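Biologist: Please show me the model, and then let us ask why each term is used as it is.

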Amino acid sequence: MIIWLILLIASALALMMMRAGAWIWLVAEAVLIWLGARLAGIELPVLVLLAILFFTPTLLVAIKSVRQSLMTRPALDLFRKIMPGMSATERDAIEAGTVWWDAELFSGKPDWKRLFELPAPRLTPEEQSFLDNEVEQLCAMVSDWETSVKTQDLPPEAWQFIKDKGFLGMIIARQYGGKQFSAYAHSQVVMKLASRSSAAAIAVMVPNSLGPAELLLHYGTEAQKNHYLPRLAQGLEIPCFALTSPYAGSDAAAIPDVGIVCKGEHEGRETLGFRVTWSKRYITLAPIATVLGLAFRVRDPDGLLGSNAEPGITCALIPTAHPGVITGRRHWPLNAVFQNGPTEGRDVFIPMQWVIGGAEQVGRGWRMLMECLAAGRAISLPSSSVGFSKLAVRGTSAYTAMRRQFKIEIGKFEGVQEALARMGGHLYMMDATRRLSALAVDAGEKPSVISAISKYHVTERGRMVVNDGMDVIGGKGICMGPGNFLARVYQQVPIAITVEGANILTRCLIIFGQGAIRCHPYVLQELATAADEDRERAVQEFDRLLFAHLSFVAANAARSFVGGISRGWLLPSSSHATGATRSYFRAVVHLSSAFALLTDVSMGVLGGTLKFRERMSARLGDVVSQLYLVSAVLKRFEDEGRQEEDLPYVDWSVQDALHRAQEAIIEVLHNFPNPVIALLLRVLIFPLGRPYRQPSDVLGTRVAKAMQTPGESRNRLVADVYVPRDGDPLACGEKAFMLTPVVQQLEHRLKADIKEGKLPPMPQSLLEVPAWSGLALERQLISQQEKDALDAFARYGDQSVQVDDFGADFDRAEIVAQLRS
């Protein structure tokens, strides 16, 4: 009997996971009933009862006419009543862009081949040369301290260099004079600039992200492209794009800025156009822009464009010198000095040919913005966040390796190691996510959900990295000055959190809100079918979709249970898995199945009200987000040749993300409106309890040690960012860090001499090290070369631990005098 029951359960789970058809279920049920008689000795009356219980529902599903009459038609009627309403702007947002790996994660059974068939990201020789030369030169020309304290802007020579060297035309095609760089190259440039100067990074980032160039490339008329793109590529035009209004904020669909269709005079003759009134704020580059991209709502009360009185959101390009355009004074976002400010206009007439794409694109601006934002958001803010996080990790890890307290390096304190582990683990995952998202854009995707995941989670982890860095470096971090590598970043982190979709909104409304419908294999099709006015056609299509959907739910329920009961060992892995990562591939499959199941049950129980349950949507979004981040880490580990030295970063970041995904599921179930269903789901997903734990202390120590050890592993962690020249405190810290192995080796060798009294202990004050090394040389305990290394370590280390000081007026008189000269 026990064997038969095991066979019964195992067979049911296998058939569910294989999504077997109803007739296969009938055959399997017959075989199981026969085995029940043979193996378990079940008596005939019980066998008959089992046959009725098994065969009846299966036959109802198997016979199409019966199924459609008893199940499909009532289900379609019910679905039409409860399906959520969807506005035109919501539909545009959902349908904008493309789905890619996010759809695989929503499927419950991700196809790893689809992820790993993409080649590792690579730069062309031209792109690499630009990064090594022009970007390096621009980084050397600027610093956040100089721009924020003295000039309140990039120096004029830096602006001219940006224009002359084509920084503003990286995404523009070569035929228009641009560089036509890949998304990955664009990401690399922004990341490197962000490791040096936020003003430089943003000045380059914005024109190459959501803005006139991007919109023109995809939607502009040939005349618009031929006029503007060469001028943008050469820096003859400075673009900005105005979307945010004071009373609409991130709700672009509700912008109050209006353009009334009318006739007016342009260049001496009457022409069809708009009389536009707008008030925008937070517009980057607006104070210096020469061409304004503007989003406004078109109204056509006189029917000059047709019968539609409300065509909708439209995008146009307006020269800022045009009469009526008012460029306001600058905003000052958290001491950052990138150009940002308001723009407004009242009853400004613009001709129809200024609409991006011409008259045909009137009313299609929302869709244009959503698709372009999907690509830009996947690159800009993730890249800048990774850049300043690499700066934080490089500087902090060097500081902890050579700064001493209580006669030992502070990086050996467990409290410091805990913070370092978070910094290293998060940075490895952030950079992996940045690379994968840029790779998706280069593959032709416009990944709206993935870009939202990247924007939210990379910027949030960037905030964690910087906060931990500030905690570790302590007093040095809070004293402002040119020697402080972290203070300006710490001040400006909230800017990345806020712009291009505030993170609270992104997490609560976009990631799951768009993904649940856009990435689901059936829901969007079911909504379209339910809206079909041809009832018979709708029944036939809904029948196919409904039972495929039910089979999908059953498969994910079975896969979730099998993954939970076997701790993942009975789930498929990947040919790209190694012994060290195989369990992670299986964990992603397990949690992907659980997420897909939870999504369907949540939509089934809550229906259209789910979109108003923002905390539940946010937690469901957290699950799929963590799975995307884990996928990015596994892809990076493979792309970089499975470097064993990097496994501490891989293990820490993946274990942290899996634990976060697990806890998000638990929170969804804890707050689920139906406690019975919640309990059943918990039994299905985690039958043996919570399997995914936070990274251990031992693993955290391994990460911290790897960060404080010079070598290729640390180099990969902080690769491709700007390293200042000699004299800069960050450069001095890095030089002292590179000498720490020599110093530690000498200390270990001299330990016996110190114990025997031949030499006093090495002084904690680096200023006293040269005298100590001189004594050791005099007593022939070290060589001249070793003394030189010790003295260099002391010199560079002392420069890196010092903090800046100023006069009573913070040297304002001196700064003013310098500016006047």
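**Terms and their tests**

Biologist: Pro156 and Asp164 are exposed and lie on the face of H10 turned away from its buried side. What makes a residue exposed or buried?

Modeller: Exposed means over 50% relative accessible area, buried under 20%, and partly exposed in between (1.4 Å probe, protein chains only). The model is predicted, so local features need pLDDT of at least 70 and side-chain atom pairs 80 or more, while totals for chains, interfaces and linings use all residues. Residues are numbered from 1 along each chain as its sequence is written, and side-chain values use heavy atoms, without hydrogens and water.

Biologist: How do you know that the buried residues of H10 are on the same side?

Modeller: In helix H10 (residues 156–164; a helix is a DSSP run of H or I with at least four residues, numbered from the N terminus), the buried residues are Ala158, Trp159, Phe161 and Ile162. They cover an arc of only 160 degrees around the axis, taken from the directions from the axis to the C-beta atoms, and therefore lie on the same side of H10. The buried residues of H10 pack against helix H8 (125–141) and helix H12 (198–205).

Biologist: Why is Leu629 called buried?

Modeller: Its relative accessible area is 1%, and the limit is under 20%, so Leu629 counts as buried. Leu629 belongs to helix H25 (residues 614–639). Leaving aside neighbours within four places in sequence, Leu629 is in contact (heavy atoms within 4.5 Å) with Met429, Thr433, Ile453, His457 and Arg461.

Biologist: What makes the phi of Lys407 worth noting?

Modeller: Most residues other than glycine have a negative phi. Lys407 is not a glycine, yet its phi is positive, about 70 degrees. Lys407 sits in the loop between strand E8 (404–405) and strand E9 (408–409), a strand being a DSSP run of E with at least two residues. Asp720 also has a positive phi of about 70 degrees and is not a glycine.

Biologist: Why is Lys407 called exposed, and why is Asp720 called partly exposed?

Modeller: Lys407 has 68% relative accessibility, which is over 50%, so it is exposed. Asp720 has 37%, which falls between 20% and 50%, so it is partly exposed. Asp720 is in the loop between helix H29 (712–717) and helix H30 (729–755).
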